[in-house]
Amino acid sequence: MLGLITRRLLMAIPTLLAIIIISFLLMRFAPGGPFDGERPLSPQVRAALESAYGLDKSIAEQIILYIGRMLQGDFGPSLVYRDFTVNELIAQGLPISLLIGGLALVLASMIGISGGLWAATKAGQAADEVLMLIATLLTALPTFVTGPILVLTFAMVLGWFPVSGVEEGSVLWLVLPVIALSLPVAGAVMKLVRAGLATQLSQDHLRSARARGLPLMKRLFRHALRPALVPAASYLGPAAAGLLTGAVVIETIFGLPGLGRYFVQGALNRDYPLVLGVVTLYAGLIILFNLLADIIYGWLDPRMRDQ
């Protein structure tokens, strides 16, 4: 297992470096700039601002300086939110995004695994087909559809939950965003677990166990569940990263002050340090989540530890 972790980390370093460089170049060569507004700046003022933020240097020099600051944990000043550094903006928005994404991942895993198990116990019956239909619908519906539906139904019509924003001292504001974000992942996990269990239950040794009279639940939990979770574990790594980055839409729908709001505003205003800081953070989290998925994968299937 230690060898697997070491190999993944060695692969992560050049991957993260490539993401930073490509993102840096894309931002620099995109039309517009952070100092383009309704009133054009004079050449002297623009030159002074570019010099103050190091934008007058060559692209190569800027990349080297940025990576050097990043290695020290400094993402630089924001070009739009000039009273804040990028580190401060990330510290404000990241806890909200992590909270929503983490709860959505837990909820999606619980719904998906339990739903897949239940469908496996009802294989070939109407309940199995209904559950798989529900899972397909959940996977197909994007969050920008389910989010407004949940707001309209449970917030505006029934009034059970707040429409938007964060309410201090209450957890009700979390319910709808977490549910909306978790539903597509829950549907995918449910289908993967159901398919994995169907494959495992068709194995010869489990057929023999069934012939010997071993109850279905014992066959599921003792012999079939662990290998059946391998496809779901492989999916949950990228899904965890997707929940974090996908929270941008949910944060916009529910008016939450998460990291996605700063990322969108930074991209629209060409706030290079802010966008690069968020992209670097997201890339690091994606690499971390995939590493955790590989570790879980190796625990579920020991044959993968040497790959």
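Helices here are DSSP runs of H or I of at least four residues, numbered from the N terminus. The model is predicted.

**Exercise 1. Place S164 and describe its surroundings.**

Solution.
- Start with the secondary structure. S164 sits in the loop that links α6 to α7, the latter covering 172-201.
- Next, take its exposure. Buried means under 20% relative accessible area, and exposed means over 50%. S164 has 44% relative accessibility, so S164 is partly exposed.
- Now look for partners distant in sequence. Leaving aside neighbours within four places, S164 contacts F254 and G255.
- Finally, check a C-alpha distance. S164 and E251 are 87 residues apart along the chain, yet their C-alpha atoms are separated by 9.1 Å.

**Exercise 2. Test whether the length of α6 fits a helix, then examine its course and burial.**

Solution.
- Count the residues. Helix α6 runs over residues 143-157, which makes 15 residues.
- Work out the span. The expected value is 1.5 Å times one less than the number of residues. For α6 this gives 21 Å; the end C-alpha atoms are 20 Å apart, so the two agree.
- Look for a bend. α6 has a kink of about 25°, centred on V151.
- Check the burial at that point. V151 is buried, as are T143, T146, G147, L150 and A155 of α6.
- Move past the helix. G159 follows α6 and has a positive phi, near 70°.

**Exercise 3. Identify the largest nonpolar core and the elements that build it.**

Solution.
- Begin with the size. The largest nonpolar core holds 31 residues. Within this core, I100, L181, V185 and F254 have the most contacts.
- Assign the elements. Two or more residues each come from α4 (86-121), α6, α7 and α10 (230-253).
- Find the main contributor. α7 gives the most, with 11 residues.
- Zoom in on one member. Not counting residues up to four places away in sequence, V185 touches A108, Y235, L236, A239 and L243.
- Separate the other core. Another core of 21 residues lies apart from the largest one and includes F75, V86, L244 and L285.

**Exercise 4. Summarise the protein chain as a whole.**

Solution.
- List the elements. The protein chain has 12 helices and 0 strands.
- Take the burial. Of its 307 residues, 40% are buried.
- Sort the contacts by sequence separation. Among those between residues at least 6 apart, 74% join residues at least 24 apart.
- End with the surface. The accessible surface comes to about 16,200 Å², and 67% of this belongs to carbon and sulfur atoms.

Notes. Residues numbered from 1 in each chain as written. Predicted model: local features only at pLDDT ≥ 70, side-chain atom pairs only at ≥ 80, totals over all residues. Heavy atoms only, no water. Bend = angle between axes of the 7 residues up to and from the residue. Buried < 20%, exposed > 50% of the residue type's maximum accessible area, 1.4 Å probe, protein only. Contact = heavy atoms within 4.5 Å. Core = buried A, V, L, I, M, F, W, Y, C linked by side-chain atoms within 4.5 Å. Areas by Shrake-Rupley, 256 points an atom, 1.4 Å probe, with all protein chains shown as cover.
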